[in-house]
Amino acid sequence: MKLNERSLVCYATCDSPADNAGFLSKKGERNTAYHRRWFVLKGNMLFYFEERESREPVGVIILEGCTVELCEAAEEFAFAIKFDCAKARTYVLAAESQAAMESWVKSLSRASFDYMRLVVKELEKQLEEMQRGLAGSRSVQRRSPIYRKTKPALCNGCAVWNNAPCVDTLPAGDGPGGLADSGSGKPPVCPGTVCFSKLHDWYGREITELRREWQESHKL
Amino acid sequence: MRYSERELLSLSRQPAEKAAEILMRAPKKGSVLKKRLVKLVVNFLFYFRTDEAEPIGALLLEHCKINKEEENVFSISFIEEPDRKYSFECDTEAQCQEWIEALRRASYEFMRRSLIFYRNEIQKMTGKDPLEQYGISEEARFQLGTRKL
């Protein structure tokens, strides 16, 4: 099967930060000797190089549908990456210390795209529920003296937060799921200013109050 | 570079996010459009001859750009070689847009940025880190900002 190898090599060797990196000894497939290799984990791809300075990986292990377990082996601090499919190869690796082994087992067992997707979906759901919660409390809200006439604008409160200068905005392209859909349109002209930070502060006061009340009612 | 065909094959058999028969052209000069079954599974795009069970090839969708070309057409290129394009001609413009959206969201890196974004938003709203309950707050891959190793 063809694979865009050149791109994979670039992905492996480019500057983008790795999720884990270090020396591990890898047990040979046929030969039972262990070979020390420099391993680099990026996303769900585990690359291994002959040397740390090598310009190209010797190989790559695709970390989908696998489990990572400790195992009994000739080497200390050994663990195995096992795949579900028939006649799949098991990779036996050995770290150089207990701490390194634990770090690798943890990062490898959470390396799959599927796992990442699960966590993202969960957080997305949580955020949507919170935003709906805010919307709900807004319509019921009567007592707060600072609550002004800007109800529709606060639906865009999340859009305002999305553009907060201090945080990364949603990746360009499209927002995953609902966020991109909530809060279309623009907030009304902010009293007396077009300066974003003032707008931010102005909405911020109401949001802070609502958040506090929401937190109390949900007993977080 | 060594990789496991068996792992790739197994992955190609997983349920797809998206699959369709689309005309595809390889970046090689003089390539022609050929009908392929194109299947998106996690961050891989597999392509099959329409009557075969095993893919001819796979594209890892990291560090790539999904470009809208002319009507019904989109292309995939990789950042280190932006002129080398895999071209795809869909049946309709709507189908073309759907694929572009799906492929842009298909990378691990995209999901990571989404996760960091949501984590941050939730933390701002509640004062709590939503990843703590899963015991993964300290994972390098979920950190905002540069991760140096």
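By class, the lining of the largest pocket in this predicted model has 10 nonpolar, three polar and nine charged residues. Here Ala, Val, Leu, Ile, Met, Phe, Trp, Tyr, Cys and Pro count as nonpolar, Asp, Glu, Lys and Arg as charged, and the others, Gly among them, as polar. A pocket is an open set of points on a 1 Å grid over the protein atoms alone, where a 1.4 Å probe fits, with protein on both sides within 12 Å along at least five of seven lines; lining residues have an atom within 4 Å of a point. The space in the largest pocket is about 480 Å³. This volume is the space filled by probe spheres set on the points, which are joined across faces, edges and corners. The lining holds 22 residues, and A:K2, B:A26, B:P27, B:Y47 and B:Y86 lie nearest the centre.

Both chains contribute to the lining. From chain A, β1 (2-3) and α1 (5-13) each supply at least two residues. From chain B, β1 (18-25), β2 (34-41), β3 (44-49), β4 (57-60) and β7 (81-89) each do so. The largest share, three residues, comes from α1(A). Helices (H or I, at least four residues) and strands (E, at least two) are DSSP runs, numbered from the N terminus.

Residues are numbered from 1 along each chain as its sequence is written, and chains are lettered from A and ligands numbered from 1 in the order in which they are written. Local features need pLDDT of at least 70, side-chain atom pairs count only at pLDDT 80 or more, and totals for chains, interfaces and linings use all residues, while side-chain values use heavy atoms, with hydrogens and water left out.

Chain A contains six helices and eight strands. Along the sequence they follow the pattern β-α-β-β-β-β-β-β-β-α-α-α-α-α. Of its 220 residues, 47% are buried. Buried means under 20% relative accessible area, exposed over 50%, and partly exposed in between (1.4 Å probe, protein chains only). Contact means heavy atoms within 4.5 Å. Among contacts in chain A between residues at least 6 apart in sequence, 50% join residues at least 24 apart.

Helix α2 of chain A (residues 98-109) has 12 residues and should span 16 Å at 1.5 Å a residue. The expected span is 1.5 Å times one less than the number of residues. The end C-alpha atoms are 16 Å apart, which agrees. In α2(A), A:M101, A:W104, A:V105, A:S107 and A:L108 are buried. Their cover includes β2 (20-27), β3 (34-42), β4 (45-49), β6 (66-70) and β7 (78-83) of chain A.

In chain B, helix α3 (residues 108-126) has 19 residues, with an expected span of 27 Å; its end C-alpha atoms are 27 Å apart, in agreement. Of these residues, 16 are buried, so α3(B) is largely enclosed by the rest of the structure. B:G127 follows α3(B) and has a positive phi, near 75°.

B:F78 sits in strand β6 (residues 73-78) of chain B. At 3% relative accessibility, B:F78 is buried. Apart from residues up to four places away in sequence, B:F78 touches residues of both chains, including A:N4, A:S7, B:L59 and B:Y86. B:Q95, in helix α2 (residues 93-104) of chain B, is buried at 16%. With the same exclusion of residues up to four places away, B:Q95 touches B:A20 and B:C90. B:A16 lies in the loop between α1 (5-12) and β1 of chain B. At 33% relative accessibility, B:A16 is partly exposed.
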